Amino acid sequence: MRKYLAFFRLRFTMGLQYRTAAIAGMTTQFAWGFMQIMIYKAFYETQPDAFPMTFSATTSYIWLQQAFLALFDAWMMETEIFDSILNGNIAYELCRPIRIYNMWFSRSLANRISRAALRCLPILLIAVFLPYPYGISAPVSVIHFMLFSMTLVLGLLVTVAFCMLIYGLTFLTISPQGLRIMFTSMVELFAGAVIPLPFFPEKVQKIMEILPFAAMQNVALRIYSGSMSATEMEKAVLLQVIWLIILTSGGSLLCRYAEKKITVQGG
Amino acid sequence: MITMENVCKSYKVAKRNAGFKAACKAFFHREYEIINALSDVSFTINDGEMVGYIGPNGAGKSSTIKILSGILTPDSGTVLVDGRIPYQDRINHVSNIGVVFGQRSQLWWDVPVIDSFELLRDIYSIPGNLYKNNVEELTELLGLQELLRSPARQLSLGQRMRCEIAASLIHSPKILFLDEPTIGLDAVSKIAVREFIKKQNELHGTTVILTTHDMQDIEALSKRIILVGKGKILLDGSLEEIKKGNANIDETVAELYRSFEI
């Protein structure tokens, strides 16, 4: 365990030193958040009762999403991992007394958390002080807030486990570009990163909610704003746990298989 | 003790002719060629030996190192390093060996070198005292005092290579594999690295296997050389045996390559 913590610690401290990236990221996320809220405002003004979530629930969803973007964004994968497979530096990682899967998992986790740690506070702070209904409202209840924190962590783990699958598949192909583009667009759409899942037609939504993508950011963000019923929440948390188990075991099997088949590229 | 018996390893390499037409054709039908990187390689190396593993480019040197360090799985044959089969028992195996790949980097690019060392301390679970002693010794021998606090990206190649070698030895491995450790180094760094490897062998009885194209490395370090070419072992003997009189070592080796037509 200490080995993995060490990886986590180093990746975390490394992430903290990129200050300019953090400021640039924050600015983008503010701009993006405001833009989305403007668009939704225009829609809500035309016909407020046609929407599955209240306007203030939607704005909370958007601000939380922007604040914790680094935790869930699928395109934010570890380029160093891809590079090590592509240029053969993986040779060194295979010389360590440590499982490749676990090592990369703790690394990606640390990277995401360090990015989010730098960015989330300013965004949350400003969003809290924005006038109702444009900012983040308080959570519906203490229980909702606790559930929100728990599902946030679960969602993060599911996201990382999903990315691990892509790293594993990269072992088996020459270039990860195609896989990356396909999977990131899928995640963006199906996880509720473009528009929240309740905004999809009911039949489509039913299928989407079973998929692993819905176990990422969707659950936490919707629980916070109270747009899930008790039974829905139960089901969502259960699905998160199930997907986490499936994705991690699938990913670590894939990694073990790839380790045996590996050829180190570039001599 | 390290033994390799009848080890074979082949790679599948996609081949096509130059040009757009050939590329289109290869899109539908790909031609592969099987390259035998190692065919029927056998040797034994005893504890505390320093062996130079030489041969022209593409002879199979790096493949051998990678098999011995548990990264690659051979197609056939048996490999035993201190009683372990490297590729089957990878995690246990690698905690007892140190590897340097001269053309790659194991240091974390954006953080000070000492951070990479501390990560290695935790990965190899090195006890605090041993870690402290090893870092002190390596710093002293390789002259790292000024380097440890700078990020790896701001070191020169020679400085970085000294840190890389230190990083590979921080867990006091009994066996050290060096794959072209002096590639691209200036004379001063080369000599420093050679001296250091020699000292490690004398002080700790570390078994060293070294691949290089720099014959001065071999001359300075190893009494025994193994020559490989086209995946086969062509010669296994001492440096004196192949050297004729006072001939220059580079010429001797070039002559050797020519006589084996590799």
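In the predicted model, strand 6 (residues 175–179) of chain B runs parallel to strand 7 of chain B, and 5 bridges join the two. One pair in this ladder can be named: D179(B) has T211(B) of strand 7 as its bridge partner. Between these two strands the chain passes through helix 7 (residues 187–204) of chain B. The resulting β-α-β crossover is right-handed.

Strand 7 of chain B has another partner in strand 3 (residues 50–54) of chain B. This pairing is also parallel, and it spans 4 bridges. Here V51(B) is matched with I209(B) of strand 7. Strand 7 itself covers residues 207–211 and is mostly covered, with 5 of its 5 residues buried. Its side chains can be sorted by direction. T207(B), I209(B) and T211(B) point one way. V208(B) and L210(B) point the other way. Residues of both sets are buried. This fits a general pattern: in a regular strand, side chains alternate between the two faces of the sheet.

Chain B also holds an open sheet of 3 strands, in the order 2-1-4. The pairing in this sheet is antiparallel. Strand 2 (31–45) and strand 4 (76–81) of chain B are the edge strands, and each pairs on one side only. From one strand to the next, the twist averages 30°. Strand 1 (residues 2–15) of chain B meets strand 4 of chain B over 5 bridges, in the antiparallel sense. Within this part of the sheet, E5(B) stands opposite T78(B) of strand 4.

Helix 2 (residues 61–68) of chain B is largely enclosed by the rest of the structure, because 8 of its 8 residues are buried. The buried residues are K61(B), S62(B), S63(B), T64(B), I65(B), K66(B), I67(B) and L68(B). Just after this helix, the backbone at G70(B) adopts a positive phi of about 85°.

Two further sites in chain B are less enclosed. C24(B) belongs to helix 1 (residues 20–28) of chain B. C24(B) counts as exposed because it has 10 C-beta neighbours inside 10 Å, and a residue is exposed at 12 or fewer. The C-alpha atom of C24(B) is separated by 44 Å from that of G98(B), which is 74 residues away along the chain.

L148(B) lies in the loop between helix 5 (128–142) and helix 6 (157–169) of chain B. L148(B) is partly exposed, with 17 other C-beta atoms within 10 Å. Beyond its neighbours within four places in sequence, L148(B) is in contact with P112(B), V113(B), I114(B) and T139(B). L68(B), in helix 2 of chain B, is 80 residues from L148(B) along the chain. The C-alpha atoms of L68(B) and L148(B) are separated by 30 Å.

Chain A is built from 12 helices and 0 strands. Along the sequence, its pattern reads α-α-α-α-α-α-α-α-α-α-α-α. For a compact globule of 267 residues, a radius of gyration near 18 Å would be expected; chain A has 19 Å, which agrees. Along the principal axes, the C-alpha atoms of chain A fill a box of roughly 65 × 40 × 35 Å. Of the 267 residues of chain A, 42% count as buried. Contacts in chain A were also sorted by sequence separation. Among those between residues at least 6 apart in sequence, 81% join residues at least 24 apart.

The two chains touch. In total, 20 residues of chain A are in contact with 22 residues of chain B. On the side of chain A that touches chain B, helix 1 (2–16) and helix 6 (90–93) of chain A each give two or more residues. Helix 1 of chain A gives the most, with 6 residues. By class, this side of chain A has 11 nonpolar, 5 polar and 4 charged residues.

Key
Residues numbered from 1 in each chain as written. Chains lettered and ligands numbered in written order. Predicted model: local features only at pLDDT ≥ 70, side-chain atom pairs only at ≥ 80, totals over all residues. Buried ≥ 20, exposed ≤ 12 C-beta atoms within 10 Å, placed from the backbone. Contact = placed C-beta atoms within 7 Å. Nonpolar A, V, L, I, M, F, W, Y, C, P; charged D, E, K, R; others polar. Pairing = 2+ DSSP bridges. Axes fitted to C-alpha atoms, helices over the stretch in contact; angles between N-to-C directions. Right-handed = clockwise from strand over helix to strand, strands pointing away. Rg over C-alpha atoms; globule rule 2.2 N^0.38 Å.
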